[in-house]
Amino acid sequence: MAIVDKILDLFNGDKNDNDKLQKSGEIEQDLKKRAALKWDEYEKTKVRLALIGQPGAGKSSIINSLVGTKLFPVGVYTDTTITAQEKEYGGLIITDLPGYGTARFPLDAWIDEFKPEQYDMYLFVFDGKLHEADSQLFQYLEKWQQERQHPFFLVRNKEDQIWDDEKTLEHLKEEIQADVRSLLTDEETPIFFTSCRHQTGIEALKRAIYKMDFDEVKKSKLVSSFKATCLEDLERKRAICRDNLDMYAYAAAANGLNPLPGVDISVDLGVFYSMLKDIRETFGIRDEQKIKRYEILGPTAKKLIDEVCQYMVENYANKLLMELAKAFGKKFTEKQFTKLIPLVGNVASALLGAAMTRKVGEKYIDDCYELSKMIMEHTIEQK
Ligand SMILES: Nc1nc2c(ncn2[C@@H]2O[C@H](COP(=O)(O)OP(=O)(O)O)[C@@H](O)[C@H]2O)c(=O)[nH]1
Ligand SMILES: [Mg+2]
């Protein structure tokens, strides 16, 4: 039952005080249970993404394009690297695996050492001829995809360098595709051609990733962490944030069953802050200085930037939330809650907390969405 229905049900006229008391106890238990389970689980869920392929093929460049930031250094040759490089970004843990099929790491030794079967998904990036070891690896990738539902994507990067004075680009790409597919069991496996230099093919790769057969929560983490490059991406991000609102509202209310001092409303400020941070970061807003540069877009942009940025510093955000809670609590207690609060105190104030969390969250999502849309339209115009 949605929170609003619970409130209505709790306070509906046919219930006597004993019923209300009992009902409120049930709701309290229910709130705690649901919130603890879902929020914890959600926060803990990460997508473990492995980058595999020839050194210099563009693994770092591809992942940087997908997330829209310089997460991994480019042009740092990793032939001699013998450890995996790991970076966390949003809901992703990205691991850049060293090369295999070398003297140091024949394929089997590489698999023993890095346990690649554990990753949720793989981007295999290449830019030239494939070798015997690659063909062996493909058999593993197909196996992990089938047996463990860990999908892989084959990316032929540096499309801009595919050239031959006697053959068309299309023809050359068909040859590469046929060549790669001859090493696979599934001959329908798509090959993604990309150029990080010209930023082509990245969009198609991203769309295929969003379409894959995958755990829904994990997929939402990918959508949250990858950069939005079209309106459809922004809408996807907005939908995920909206879907998560109830989860945050329950958690903020249930974790905050001790009411805030001086307010008839209880909410866990930590959960609240983390909800706003999640929303912001889903829209790629992470750096106050960077986002403030878009104030030049006009008064509407400036207003949105102020709204969004005011919650960026935790201490200040908490102060604002306390004020909101006071105003919100006052509005309701003046109306119908005053006489009920002594009776069902904890639950009434927790439900108020949940309702407030939802309301502020909804507005924050809209602000982040509108701001991102303005910035995207401006960026497209510039190009
Ligand atoms: N021409 C061209 N160069 C690229 C492309 N992608 C990456 N590079 C260059 O290739 C080099 C290696 O890229 P990097 O992403 O570091 O590869 P990694 O070693 O696989 O992580 C760098 O100098 C990049 O600038 C591309 O699509 N086209
Ligand atoms: Mg690299």
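This passage describes the surroundings of ligand 1 and the strand arrangement about β5 in a predicted model.

The shell around ligand 1 comprises 19 residues. Gly-58, Lys-59, Ser-60, Ser-61 and Cys-196 are the closest of these to the ligand. By residue class, the shell contains nine polar, six nonpolar and four charged members. Among the contributing elements, helix α3, which spans residues 59-67, supplies the most, with three residues.

Strand β5, formed by residues 152-156, is mostly covered, and four of its five residues are buried. This strand pairs with β4 (residues 121-126) in a parallel manner through five bridges. Within this pairing, Tyr-122 lies opposite Phe-152 of β5. The connection from β4 to β5 passes through helix α5, residues 132-148, and the resulting β-α-β crossover is right-handed.

Strand β5 is also joined to β6 (residues 191-193), again in parallel, by three bridges. Here Leu-154 has Ile-191 of β6 as its bridge partner. The chain leaves β5 and reaches β6 by way of helix α6, which covers residues 169-181, in a β-α-β crossover that is likewise right-handed. Strand β5 is thus described by its parallel pairing with β4, its parallel pairing with β6 and the burial of four of its five residues.

Methods:
Residues are numbered from 1 along each chain as its sequence is written. Chains are lettered from A and ligands numbered from 1 in the order in which they are written. This is a predicted model: local features need pLDDT of at least 70, side-chain atom pairs count only at pLDDT 80 or more; totals for chains, interfaces and linings use all residues. A residue is near a molecule or strand if its C-beta atom, placed from the backbone, lies within 6 Å of it. Helices (H or I, at least four residues) and strands (E, at least two) are DSSP runs, numbered from the N terminus. Ala, Val, Leu, Ile, Met, Phe, Trp, Tyr, Cys and Pro count as nonpolar, Asp, Glu, Lys and Arg as charged, and the others, Gly among them, as polar. A residue is buried if 20 or more other C-beta atoms lie within 10 Å of its own, exposed if 12 or fewer, and partly exposed in between; C-beta atoms are placed from the backbone. Two strands pair if DSSP finds at least two bridges between them. A crossover is right-handed if, with the strands pointing away from the viewer, the path from the first strand over the helix to the second runs clockwise.
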